[in-house]
Amino acid sequence: MKARLFQFITSPYCAKARKLLEYKGVEHEIIEVDYLERKELLIASGQMMVPALTLENGETIVDSDPIAMRLEELYPEPTIFPPGQRGLHLALARYIDAAIEDAIFPVSVPDELIYFRRAGRDREAMWHLIRERKYGEGFVDRMIREHDANLNRAAASLAPFEEQLGAGAYLTGRIGLADFSLYGQLHYFGFTGELKIPASMPNLRGFYGRMDRIFSGPLPPAA
């Protein structure tokens, strides 16, 4: 049996886990979880959140960080920790998955609304309910109204990464965990199929494309 990754296509953490599997060369199947019907996910993982990865041996790991660490244990090559950089990549990845996610997520709300609206009124209603329970009444409408300001905030948060990627293909010279975290968060700009990273950030656009092409094999060259 192949490994199985339970995901939402809109999730940056699922994008991170998916790319880690591809980088490690782990044969796997993607299970797109229905927003309303999560029975299969619940049976596999005992909970309702994604990403959840069920390995060939039946072991299930939940959340992108534990997934990354377990994959590194089981498939140490190619590594996500360049020599001498483990602590650096752990710190950067945690910052990206928290502070950068907080800055970029609001930009994605209008596209998420369109995505779930196309999936059906019931799924749109559930998505809307979950968002407003978590962030407060009127959150979705407010994010739509404030889209330009949110985009400016996201660009400001990403500016140091744009600058750093001008010096090399990956954040610390060699690909590592932080690159997978950054790719995941940039997926907020790409899950529709149209890459919406601002044109003023060519290094990040190139990085996203380079990461997107990763599979089990030689790393893509810098474009």
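Rings of Phe, Tyr and Trp (its six-membered ring) pair if their centres lie within 6.5 Å, and planes under 30 degrees apart count as stacked, over 60 as edge-to-face and the rest as tilted. By this rule the count comes to eleven aromatic pairs. What you have open is a predicted model, in which local features need pLDDT of at least 70, side-chain atom pairs count only at pLDDT 80 or more, and totals for chains, interfaces and linings use all residues. Residues are numbered from 1 along each chain as its sequence is written, and side-chain values use heavy atoms, with hydrogens and water left out.

**Stop one: the rings around Tyr-115**

Select Tyr-115 and Phe-116, whose ring centres are 5.0 Å apart and whose planes stand at 90°, so this pair is edge-to-face. Tyr-115 is partly exposed, with a relative accessible area of 32%, whereas Phe-116 is buried at 5%; here buried means under 20% relative accessible area, exposed means over 50% and partly exposed lies in between (1.4 Å probe, protein chains only). Now add Phe-191, which forms another edge-to-face pair with Tyr-115, at 6.4 Å centre to centre and with 90° between the planes. Tyr-115 lies in helix H4 (residues 86-119) and Phe-191 in the loop between helix H8 (177-186) and helix H9 (202-212), so the pair ties together parts that are 76 residues apart in sequence. Helices (H or I, at least four residues) and strands (E, at least two) are DSSP runs, numbered from the N terminus. Phe-191 is buried, with a relative accessible area of 10%. To see the whole group, extend the selection to Phe-8, Tyr-35 and Trp-127, which belong with Tyr-115, Phe-116 and Phe-191 to one aromatic cluster.

**Stop two: charges over rings**

Stay with Tyr-35 and show Arg-38, whose charged end sits over the ring of Tyr-35, 4.9 Å from its centre. A charge sits over a ring if NZ of Lys or CZ of Arg is within 6 Å of the ring centre and within 35 degrees of the ring normal. Then select Arg-210 and Tyr-170, where the charged end of Arg-210 sits over the ring of Tyr-170, 5.7 Å from its centre.

**Stop three: salt bridges**

Side chains of opposite charge can pair when their charged atoms come close. The structure holds 15 salt bridges, each being a side-chain nitrogen of Lys or Arg within 4 Å of a carboxyl oxygen of Asp or Glu. Begin with Arg-4 and Glu-40, which form a salt bridge with their closest N and O atoms 2.6 Å apart. Arg-4 lies in strand S1 (residues 3-7) and Glu-40 in helix H2, so the pair ties together parts that are 36 residues apart in sequence. Glu-40 counts as partly exposed, at 40% relative accessibility.

Next, select Asp-97 and Lys-16, whose side chains meet in a salt bridge (2.7 Å, N to O). Asp-97 lies in helix H4 and Lys-16 in helix H1 (residues 12-24), so this pair ties together parts that are 81 residues apart in sequence. Are Asp-97 and Lys-16 buried or exposed? Asp-97 is buried, and so is Lys-16.

Move on to Arg-131 and Glu-112, whose side chains meet in a salt bridge at 3.3 Å, N to O. This pair links distant parts of the chain, with Arg-131 in helix H5 (residues 121-135) and Glu-112 in helix H4, 19 residues apart. Both Arg-131 and Glu-112 are buried. Finally, go back to Arg-4 and add Glu-29, since salt bridges that share partners join Arg-4, Glu-29 and Glu-40 into one network.

**Stop four: the backbone**

Most residues other than glycine have a negative phi, and most peptide bonds are trans. Select Val-50 and Pro-51, where the peptide bond from Val-50 to Pro-51 is cis, with omega near 0°; Pro-51 lies in the loop between H2 and S3. The peptide bond from Glu-77 to Pro-78 is also cis, with omega near -5°, and Pro-78 lies in the loop between helix H3 (64-74) and H4. Select Asp-63 as well, which has a positive phi of about 90° although it is not a glycine. Asp-63 is placed in the loop between strand S4 (60-62) and H3, and at 40% relative accessibility Asp-63 counts as partly exposed.

**Last stop: Met-49**

Met-49 is in the loop between helix H2 (39-45) and strand S3 (52-54), and Met-49 is exposed, with a relative accessible area of 54%.
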